[in-house]
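Please consider the structure shown below together with its sequence. The paragraphs that follow examine how some of its helices, strands and rings are arranged.

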Amino acid sequence: MVLPSPTACYNYTVKNPNQVWKTGDIYGSELPILAFQLCWTIVVTRICILIARPLHIPRIIAEVCAGFVLSGDLLGDISILFELLFPMRGLLNIEILSSMGIIFYSFLTGLQMNLDNVLRAPKKALSIALTGAVIPMAMATVIYTLHRRTYDIQTNEIIEDNAVKAGLLWSLCLTVTGFPVLAEILASLKLLYTELGRSALDAAIVSDSFSWLLFMSLMPFALNDGVGSIYTAMSTIAFITFCVFVVRPIITPIIDARTDREEWNDHRLLLVLMGTILCAYITDILGSGIVGAFVFGLILPHGRFTTVMMSAADDFASGILAPVVFAGTGMKMDLKKALSHRNLAFSVIIILLLCIPKILSTLVATFAYGIPIRDGLGLGVLMNTKGVVALIMLNMGWDRQILTTSSYSILVSALVIMTVASSVITNIAYKPRKRFRMNKMKTIQNSRLDTELRILACVHNNRHASSLVKILECFHASRVSPLYIGALYLVELTSRGAFVLLDHMSQHVSQPGTQNHSQSQAEIEGITNTFQELANSNDAVRVETFNVLSSYSTIHEDIFNTANEKHASLILLPFHKQVNTEGCLEMLYSAYKDVNCKVLLEPPCSVGIFIDRGAFLQSKTNCRILMIFTGGPDDREALAVSWRMASRPEVQLSVVRMILIDEAAYQMNEAVDRLEAKGMLSTVLDSSKQKELDDEYVNLFRLKAMHDEDSITYTERKIHGGDDIPALLNELDQGDYHLYIVGQGRGRNSVILSNFMDWCDCPELGAIGDILAANSFGSKSSVLVVQQYGYDGTVPENAGHRHPNDVETNEDGDDTLVNHV
């Protein structure tokens, strides 16, 4: 039998025996070595994570690779360096810390696992998870048998003493799908909210639960012999039953009461963690300490308490203990032995064969539901993602010497390859590549009045939802022109991303009125109810609510993908400031501004930013709207939005167009001459074309919208110089309007307005929008700033000679919308 290596024996002569620590000088000998090893491991792990991040490789795989970099397999050739970094007398302490890390990681996993997601999972997810357990277990037995017999022939040595136990470990490892790791991959690739991502997550939640069930029920037979395995299994079942039916009813009311009174502090949370150690100790006597920690986390109340516990413990568990645990997995690998010259080809074949069972089982399940083979393969690749449970199984098999170093190294290598492949292949085949750039322009101006208007409303909290609902009411949904609203709840993804995702996915299965919701659960329930009230009040309004969890640095990509998937014509965003008790706008969260700016850069449709000052919300019977038109594609889009709103009987619309004359016109012509002199003819022609399009669209509005409509007025105001603009805005503000609608300002080619941009506090609002939103302006009216999608400085030929809602008939008699800038 080949024993795992390296093997270390601990035979200390204690000069100053301590009955508590059973060793000598703790602070002068043991602690410095442990601190040095811990720091060195974390530093190397962080470097590997930074390298893996651009490649979308999950954190856990980077940590395993960091351990392999630190292993004797690589550093062993430099014996002095290896002994300096990892002296033998310090390995025992790092192993103990690693065991503690596994216990706490298992506890946090159980704490975040919501069985409602499993009990109410779709049949398709249950089928994929079930076949993903049965078929891989059967195929793993065949693969292990092939590995064992061939390896014996080639090396003339026995791999494992007990083939049944080793084969069972192989089978259990292949059934696992790591939900947290899969969620991390999908979040990194921006696929969480695609059809593929949702299907993979539903199946992964069920599969992850099955993995823990198989771990608790079958691992005792893999780790123990005969009567011992039966004793471990029966005693573990008895312990779980006792925890569920005795311990849980006792501690749940106590924890809920303290949570409601917000009485949790570090000392009380420490008592809960001590309960984890106690349960792990009990089940360790029975056979496996990991089961006790997992079950204890599972029986604790979910909701707000989970958020409190995760906030206190996750940083330590994920930032310090996890690198030690998973780096230890990589350090135990010995690829030199597993991939020696005589076994190289065979070992590679075995590793490739291990990647097949999960994909094949998923294909079988998806084929029964009529899913295309390409999507079935993609789902199978994602379900092949491995996580914590598989690594825990392998570590336990290695520690109990059930697996030799060669088998252990082959299995870990296969798990790493499966997980990396799921990320790389999915990135190549499915990651959105901004396909919306090839789509026709999606704007309000180009939308037909007799088709459904699709708007994506993005909110960060329920207050934003209440604000956007009021402006959405003004779009006047009817049976002829229905309204679709995709409500997007934007949540910042933290380090515990998969756990937060589980919390949000449980919103859809929570019973109405359930107490002890987490903050995010309560928020999404309020947002859903707010938008649903709008749908209930008007049959022509259809609402869907989505959760989007992502880093704020990349959440705009999720917004783009959702808008593209839902074929939205307008994205509505809340302003990053809100009104205080004194009626002034104050900063809410600076990250919201960054999100808005990134959305404005390359959106798949038009964008609107809503500055809510409250006055607009107080008007339930009528709404006075002022649209300020200065020219350019954004202003035409803003006029189109106003035109839509004007169809509502309660809306009174006033349109004021600024006409540049005298000095303002001279500055404009002078700027055009300078551009022409520099050879920028295209910019000059574009400026002239924009003026023609402005005139044509305004005339069309006056002809069609103002016909027999007393609720719509149109006036033109002359602008002589830059000082006239603030004066005009102050004069117009005396009209007691509820809402201003203005364009963001691209394509205006106005020197006067460009000069105002140098003084803008919020450039994303444009010159006019920034003035109206400034506290110094003193207005009490809300503001909607609109940016049109598709303007790139060019205009299609004859684009300005049709009404945006006109329809032409082709040779086949089908109606075709004519799109233009």
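In this predicted model, a suitable place to begin is helix H2, residues 59-69, whose axis comes within 6 Å of the axis of helix H14, residues 304-331. The two axes cross at roughly 55°. Angles from 65 to 115 degrees count as roughly perpendicular, those under 35 as roughly parallel and those over 145 as roughly antiparallel; H2 and H14 are therefore oblique to each other. The crossing of H2 past H14 is right-handed. On the side of H2, the contact is formed by Arg59, Ile60, Glu63, Val64, Gly67 and Phe68. On the side of H14, the participants are Ser318, Gly319, Ala322, Pro323, Phe326, Ala327, Gly330 and Met331. By residue class, this contact between H2 and H14 comprises 8 nonpolar, 4 polar and 2 charged residues.

A second pair of helices consists of H8, residues 163-175, and H19, residues 388-399. Their axes come within 9 Å and cross at roughly 165°. An angle over 145 degrees counts as roughly antiparallel, so H8 is described as roughly antiparallel to H19. The crossing of these two helices, H8 and H19, is left-handed. Here Leu169, Leu172 and Cys173 of H8 meet Ala390, Met393, Leu394 and Gly397 of H19. The contact of H8 with H19 holds 6 nonpolar residues, 1 polar residue and no charged residue.

A third pair is made by helix H11, residues 226-260, and helix H13, residues 289-299, which pack at an angle of about 35° with their axes 10 Å apart. H11 passes H13 in a right-handed crossing. From H11, the contact draws on Thr236, Phe239, Ile240, Cys243, Val244, Val247, Arg248, Ile251 and Thr252. From H13, it draws on Val291, Gly292, Val295 and Ile299. The residues of the contact between H11 and H13 divide into 9 nonpolar, 3 polar and 1 charged.

Attention may now turn to aromatic rings. A pair of such rings is described by the distance of the centres and the angle of the planes. The structure holds 13 aromatic pairs. In one of them, the ring centres of Trp212 and Phe215 are 5.7 Å apart and the planes stand at 75°, so the pair is edge-to-face. Both residues belong to helix H10, residues 195-223, and, being 3 residues apart, Trp212 and Phe215 are separated by about one helical turn.

The strands remain to be considered. An open sheet is formed by 10 strands in the order S3-S2-S1-S4-S7-S12-S11-S8-S9-S10, with mixed pairing. Strand S3 (541-550) and strand S10 (712-719) are the edge strands, each pairing on one side only. From one strand to the next, the twist averages 20°. Within this sheet, strand S4 (residues 570-574) pairs with strand S7 (residues 606-611) in the parallel sense over 5 bridges. In S7, Phe610 is the bridge partner of Pro574.

Helices also pack on the sheet. Helix H32, residues 766-773, touches S7, S8, S9, S11 and strand S12 (782-787). The direction of H32 makes about 155° with that of S11. Helix H30, residues 724-732, lies across strand S8 (623-629), strand S9 (651-660), S10 and strand S11 (739-743). Relative to S10, H30 runs at about 150°.

Terms used. Residues are numbered from 1 along each chain as its sequence is written. This is a predicted model: local features need pLDDT of at least 70, side-chain atom pairs count only at pLDDT 80 or more; totals for chains, interfaces and linings use all residues. Side-chain values use heavy atoms; hydrogens and water are left out. Axes are lines fitted to C-alpha atoms, for helices over the stretch in contact, and angles run from 0 to 180 degrees between N-to-C directions. Helices (H or I, at least four residues) and strands (E, at least two) are DSSP runs, numbered from the N terminus. A crossing is left-handed if the near helix is turned anticlockwise from the far one by less than a right angle, and right-handed if clockwise. Contact means heavy atoms within 4.5 Å. Ala, Val, Leu, Ile, Met, Phe, Trp, Tyr, Cys and Pro count as nonpolar, Asp, Glu, Lys and Arg as charged, and the others, Gly among them, as polar. Two strands pair if DSSP finds at least two bridges between them. Rings of Phe, Tyr and Trp (its six-membered ring) pair if their centres lie within 6.5 Å; planes under 30 degrees apart count as stacked, over 60 as edge-to-face and the rest as tilted.
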